[in-house]
Amino acid sequence: MSPGDTASAKIKAKCSKIGLTKVVNKITFTCSKSGKNLIWSKSKITSTTTTSVQATLEKFSFKYNLDSSLPSDFVAEFQTVMKNLGELTPIESGSISSNKSSMDVYSWKSTTGNPFQSQIGDITGSSISGNQNKRFMVLEIPALEFDQKLMHRYSVIPHEYFHVYQLSLAKKDLGAGKWIIEGGAATFESLYIQQYYGYNYFKDAQTNVGLAAINNPQIFETYGSEEINYGSSVFLVLALVKELQKLNYSEQQAFRMVYLDFWIEFAKQSDWKIAFDKIFPVKLADFYQSLLGYTNNINSVLPSESLRLQTIFSS
Ligand SMILES: [Zn+2]
């Protein structure tokens with residue numbers, strides 16, 4: 001029986017109450033009056049059943065659990081940063097963990113000890129933790145960063161947020177290479193700081209590029225590889241952007257491919273390397289080869305200081 005046959009058969013079927021709806025073979029039927037009878041009649045074509053499920057979810061939101069140990073100026077800035085990020089790179093409802101439209105953020109100052117143990121267990125540092133059923137953001141801010149007014153107390157927010165964004169596009173665990181996950185979050189973090197605070201965080205915190213970044217980049221595919229502040233992963237992402245620019249992509253387009261298109265493709269692929277070769281016009285092996293033409297110096301791959309994140313995500 002073809003789907004059309006089923007649909008026309010259902011049209012004649014009686015129903016019990018005006019306004020009831022049901023979906024058969026992606027066609028929505030509404031119970032309506034025909035003469036003295038109530039029958040199912042075709043009302044509209046719905047593209048997929050998933051669209052109608054997503055439409056019922058609320059807009060995605062973060063729930064802030066901010067401990068009183070945090071300085072009030074940090075709390076205010078945190079809220080501003082999260083608002084900016086929500087507008088720049090919105091998270092799709094239900095994309096992080098099934099049927100969830102919110103994520104908890106737990107933040108506290110390191111000297112106070114984790115005040116949220118009953119909710120999140122014995123976690124320290126900053127991360128996106130949990131699993132596909134429930135994920136949450138942890139931001140334990142070292143007291144030293146407040147005392148010395150270090151930019152990292154703010155940059156950690158876009159960094160962790162960007163992992164949520166990556167998850168929302170991938171719609172599964174980020175089983176990709178470390179350098180594209182962390183290099184993505186860490187370059188995004190620096191672009192955010194550069195744009196909103198007029199401060200070049202690449203040159204401050206991400207200058208430690210290992211020699212292996214140019215002659216043995218494969219090692220940065222796994223989390224076991226050692227690097228300081230993801231300096232080598234940042235270098236690899238920025239070098240990829242430079243290689244794409246050599247192929248006549250604009251800087252904005254190149255970042256968009258790394259930040260967005262790659263993850264959307266990864267959602268459809270079992271292996272990140274397949275997604276890489278599909279999205280980028282340079283094969284992964286050829287990209288690694290091209291790195292031999294670079295020096296392991298962050299200054300050789302810095303993005304332009306006038307780059308605005310909005311132009312990456314709206315292009
Ligand atoms: Zn990270």
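## Exercises on a predicted model: strand β5 and the nonpolar core

In this predicted model, strand β4 (residues 61-66) and β5 run parallel and are joined by 6 bridges.

**Exercise 1.** Work out which residue of β5 is the bridge partner of Tyr64, and determine to which strand, apart from β4, β5 is joined by 6 bridges.

*Solution.* Begin with the pairing to β4, where the bridge partner of Tyr64 is found to be Val105 in β5. Next, turn to strand β7 (residues 135-141), which runs parallel to β5 and is joined to it by 6 bridges; here Trp108 has Glu140 of β7 as its bridge partner.

**Exercise 2.** Explain why strand β5 (residues 102-109) is largely enclosed by the rest of the structure.

*Solution.* Apply the criterion that a residue is buried if 20 or more other C-beta atoms lie within 10 Å of its own. Since 6 of the 8 residues of β5 are buried, the strand is largely enclosed by the rest of the structure. For the protein chain of 315 residues, 32% count as buried.

**Exercise 3.** Identify the residues that touch the most other members of the largest nonpolar core, and state which helix supplies its largest share.

*Solution.* The core has 65 residues, of which Val164, Phe235, Leu236, Val237, Val241 and Val258 touch the most other members. Its largest share, 10 residues, comes from helix α6 (residues 152-170), and the core draws at least three residues from each of domain 2 (59-169) and domain 3 (174-315). Taking Phe235 as an example, and leaving aside residues up to four places away in sequence, one finds that Phe235 touches Val209, Ala213, Asn296, Ile298 and Val301.

Definitions and conventions
Residues numbered from 1 in each chain as written. Predicted model: local features only at pLDDT ≥ 70, side-chain atom pairs only at ≥ 80, totals over all residues. Buried ≥ 20, exposed ≤ 12 C-beta atoms within 10 Å, placed from the backbone. Helix = DSSP H or I, 4+ residues; strand = E, 2+ residues; numbered from the N terminus. Pairing = 2+ DSSP bridges. Core = buried A, V, L, I, M, F, W, Y, C linked by C-beta atoms within 7 Å. Domains from an automatic or database assignment. Contact = placed C-beta atoms within 7 Å.
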